[in-house]
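Let's take a walk through this model together, starting with one helix and moving on from there. Keep the viewer open so you can follow along.

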Amino acid sequence: MSEKSNRETTRADLQAVHTTAEFGATLKRTRVAAALSIRALELRAAARKDSGAATYVNLTKNIIESMEKGHRLEGGRAAPDIDNRLEIYLWCCGVPREDLPAWLETRRRILREPRPPAPGTPAPEVGHALRTALRRDVYTLIGRDSELAQILDAAESGIPVYTIDGMPGVGKTALAIRAAHLLADRFPDGRYFVELHAHTPGRTVADPADVLAGLLTGIGVDTRYLPDSLQARRDLWQDRLAGKRVLLVLDDARDEAQIDWLLPASPGCLTLVTSRRRLVDLGNTVPLALDTLAPGSAVELFATLSHRRIGDTSDRTAVERLVQQCGHLPLAITLLAAPLAHHPAWTIADLSAEFGATADRLGEPDARTRAVRVAFDLSYQDLPPERARLFRRLGLHHGPDLDAYAAAALAGIDVAAARSELDALYTDHLLDEPARGRYRLHDLLREYARALAQTEPEPERADAETRLLDYYHRTTAAADRWIARRTRPDSTSGDRVGDPVVAREFGDEVQALEWMRMERDNLLACVEHVASRRPARMVVLIGLLAGLLDRDGPWPLACQLHGQAAAVAHDLDDEIEEAGALNNLGAAHWRAGDFPTATACFQAALTRYRSRGNVLGEANALNNLGDAREETGDYPAAVAHYQRALALYRRCGDVLGEASTLNNLGTLHEETGDYPAAVGCYEQALALYHDLDFRLGEANTLNNLGIVNARTGFSEEAVALHQQALTLYRQLGNRLGEANALTNLGIVRTRTGHYREAVDRHHQALALYHELGSLRGEASTLNNLGIVRTRTGLYDEAVDLHDTALTLSRRLGYRLVEADALHNLGVVRTGTGRYDEAVELHQQALTLYHRLGNRLGQIEVLIDLGRLLFETATAAAASTTFLDALALARQVGSWIGEAQALEGIARCRVVTGVAAVPRELGQAVEIYHRIGTPDAVAAATELLRLRSDIQCAATGSDDTGAAAC
């Protein structure tokens, strides 16, 4: 390292860097200042002096040149901890250790900021993470100018956490919301409002793990890929916010332990916390204790909300007495003033007298508690009977918010009337409207409404709750018909839906999915509420949520709910519902990659369906068993399950099941190389999905057809199919499908030699997988990018990518991705002539594929290993390897594997002289022609030429004979 510290680039210079190109130019300027050529830098990095940084990546000439152009500034984003190329570069250039954090922060910032598109590039239609989730702004915040200024000043000075504490109803949430809206422009990366429910009646205090799940989902992480542990979720949350400016409002916090997990670590973020407790143990915060309003501000608030001019002395005196009786508490003043705005005939003096009389009657010992209760009573007493009944019934709702349909069910009125009454309650400040058409009660009002509901006769309360459950039940069933992968067998539960209630209907899959996602928390609250009261209804509700959980996860929650449903159904001796729950439980384990457990669940479901003679349920279980067998490479068993399921679906007329099974059969045929059969199945499935208007099924099938077209040489057709699938996924908001379609487009472009476009598609997919939290998707994409680099001769970069994928997959336990990475590294080492390493890597991949039961992977490795041994070792060793591949290929019915193995065996026998024209050569040619892909036809042509050469050699080697041949 240079003896003199290199401070050519200052921190101010780094702050002015905004693009990767500028960063690369800054690196180059730093190297030049160190008087180092690229070659000298490469040699210094390779020296690994004792005083230098540990080297995890070879800083080659290619990498240095790319970095100075603004490319390859870090290793795989999935595992940056194993790639310290920037640290090595800067150490070699003599940059002082204390300057390193500024460089790393600059790199993090520019790589996380969106890059401007190239001129003429259309903007991609990608799914967007939620940026703003604040409550509606508060425009009547009176008497809080000083407190508001304190918060704004704290934000300006970079304070990371600001706490607002105070008694109930003092206006903590209103102040936080107003401040958040005023600060919103300073936090372009996201503004989020989170209710922690420390004091919400009927709600469990929010668990930090669940809150983090909601926040991660809000910033774009797919719920299916949420980490299980609280620590891992906190780490992912802080990682996603690194280098970003985000505003977070945590409302109604219980204590420091609850919110400490939720706080961003990035210095550009601000968190506003409201709590009834003083959070004295929360470090690095500025506290604000919010008191009641000053007398003058309290009078002003009353006058503003009541729309009364406080003109003469008597009115002012009456108002001053009223607000004093309210304890100058904003919530009590708000509720007391609202009725005056709608009753011009009422006088302030009359209201003051009534307030005093009611307060005396209640006899509450605490003045402020009494003031709130009086304000509630007076507001409630002013309501017309129907509105009062609806307000009471809102206390029976257990979810966070509701719409007019749910309110109509509770009150037993039509939806139009419910909508009108909700608007009136909102006008009277008895409800909040956090989003258009969605209403919620303040915690104190919810508690008050629940108490009022308990005064109704028990049968009336029970009827209201039943109607609400019926509404959610019927509407969820209507939505589930659009989004479920399988048709549910008819329920045998004795807890039937009662008299008809008004339920929503959906015109398409998008509408159904949007409603299910919006009502998710309410539906889960219903499940929790009925768990001990109506267990049969709980089982059915969880079953109706299976389609949503299958799409959105998270898998641990899905496993927990379906396992609970299976246990309860067993206790109820309801075999059909138990079978359905077991089928759903197996599907959740299948999604999570636990195939043995999934298989056991599916088998148990199949046994129960068969014992009850339920044909549709039997077909569903067989279809799922086929999925599990296919994943483990047991293709004969998978085919048998699928074919039996298909016959049963057709027998009972279930078109959705028929389409699903055809799609699965197509995938199996495609994996074993029977491409004509695969296309036939896919085209039948696509037509059925189209008739059903099931767009997710259409998208999946189009994607699968694209894969077959790519493998059979119809590249442009494949691109068109993947693009159609991509469009559908984006319309459905299915970002995992979008990432998969982009991945497939990248694979096609790699095969056709359009490497720049392939890299672009893979990078788009990588960004989506990263946002979704799909680390497996990231690792697989790194492997795909490595394949592109191998094809273009950039072996060092390919090794970089495959090594990162390998490290990530091992860290996370993704064994199949690990095996793929080992195999790909073996291919790279073969290309660079490092044959011993290549053999070792192939052997490791082969062992891992064998443990996983993945026979297709074994076949591919054996073919590549056989070719390597043929070129570098002995034909006998290669022949043994090809024979192993042939046996496996015939077991699974892989045509392409069988043909390649036969070709390898034939070449080995020619070299060893075992046969002049081996019969395996002709067999391989026949299969290649049967497959009919361009690659296969080319291979067949090459083999025919080889056979011709052998025959010519056998007939004579003189010039004339050779010419005749």
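**A helix with a buried face**

This is a predicted model, and a good place to begin is helix H7, residues 145-156. At 1.5 Å a residue, its twelve residues should span 16 Å, and the end C-alpha atoms are indeed 16 Å apart, so the two values agree.

Now colour the helix by burial. In H7, the buried residues are Glu-147, Leu-148, Ile-151, Ala-154 and Ala-155. Looking down the axis of H7, you will find these buried residues within an arc of 125 degrees, so they line one face of the helix. The spacing is easier to read with a general rule in mind: an α-helix has 3.6 residues a turn, so residues three or four places apart point the same way.

What do the buried residues of H7 pack against? Their partners are strand E2 (161-165), helix H8 (172-183), strand E5 (270-275) and strand E6 (285-289). Turn the view around, and the face of H7 directed away from its buried side shows the exposed residues Asp-145, Asp-153 and Glu-156. After H7 comes Gly-158, which has a positive phi, near 90 degrees.

Next, let's visit a single side chain. Glu-256 sits in helix H11, residues 256-260. Is Glu-256 buried or exposed? Its relative accessibility is 13%, and because the cut-off for burial is under 20%, Glu-256 counts as buried. The side chain of Glu-256 reaches the backbone nitrogen of Asp-281 at 3.0 Å. Setting aside neighbours within four places in sequence, Glu-256 is in contact with Arg-277, Arg-278, Leu-279, Val-280, Asp-281 and Leu-282.

Further along the chain is helix H39, residues 815-831. H39 has 17 residues and reaches 25 Å from its first C-alpha to its last, close to the 24 Å expected at 1.5 Å a residue. Its buried residues include Val-817, Ala-821, Leu-822, Leu-825 and Val-828, and also Glu-818, His-823, Asn-824 and Arg-829. H39 is followed by Gly-833, whose phi is positive, near 80 degrees.

Finally, a word on confidence. The protein has a mean pLDDT of 84, with 89% of its residues at 70 or more. Residues 76-82 have pLDDT below 50, and beyond near neighbours in sequence this stretch makes 17 contacts in the model. Over residues 957-965 the pLDDT is also below 50, and that stretch has three contacts beyond near neighbours in sequence.

Notes
Residues are numbered from 1 along each chain as its sequence is written. Side-chain values use heavy atoms; hydrogens and water are left out. Helices (H or I, at least four residues) and strands (E, at least two) are DSSP runs, numbered from the N terminus. The expected span of a helix is 1.5 Å times one less than its number of residues. Buried means under 20% relative accessible area, exposed over 50%, partly exposed in between (1.4 Å probe, protein chains only). The arc is that of the directions from the helix axis to the C-beta atoms. Contact means heavy atoms within 4.5 Å. pLDDT is the predictor's confidence in each residue, from 0 to 100. A polar contact is a pair of N or O atoms within 3.5 Å; within protein, one must be able to donate a hydrogen and the other to accept it, and residues adjacent in sequence count only if both atoms are side-chain atoms.
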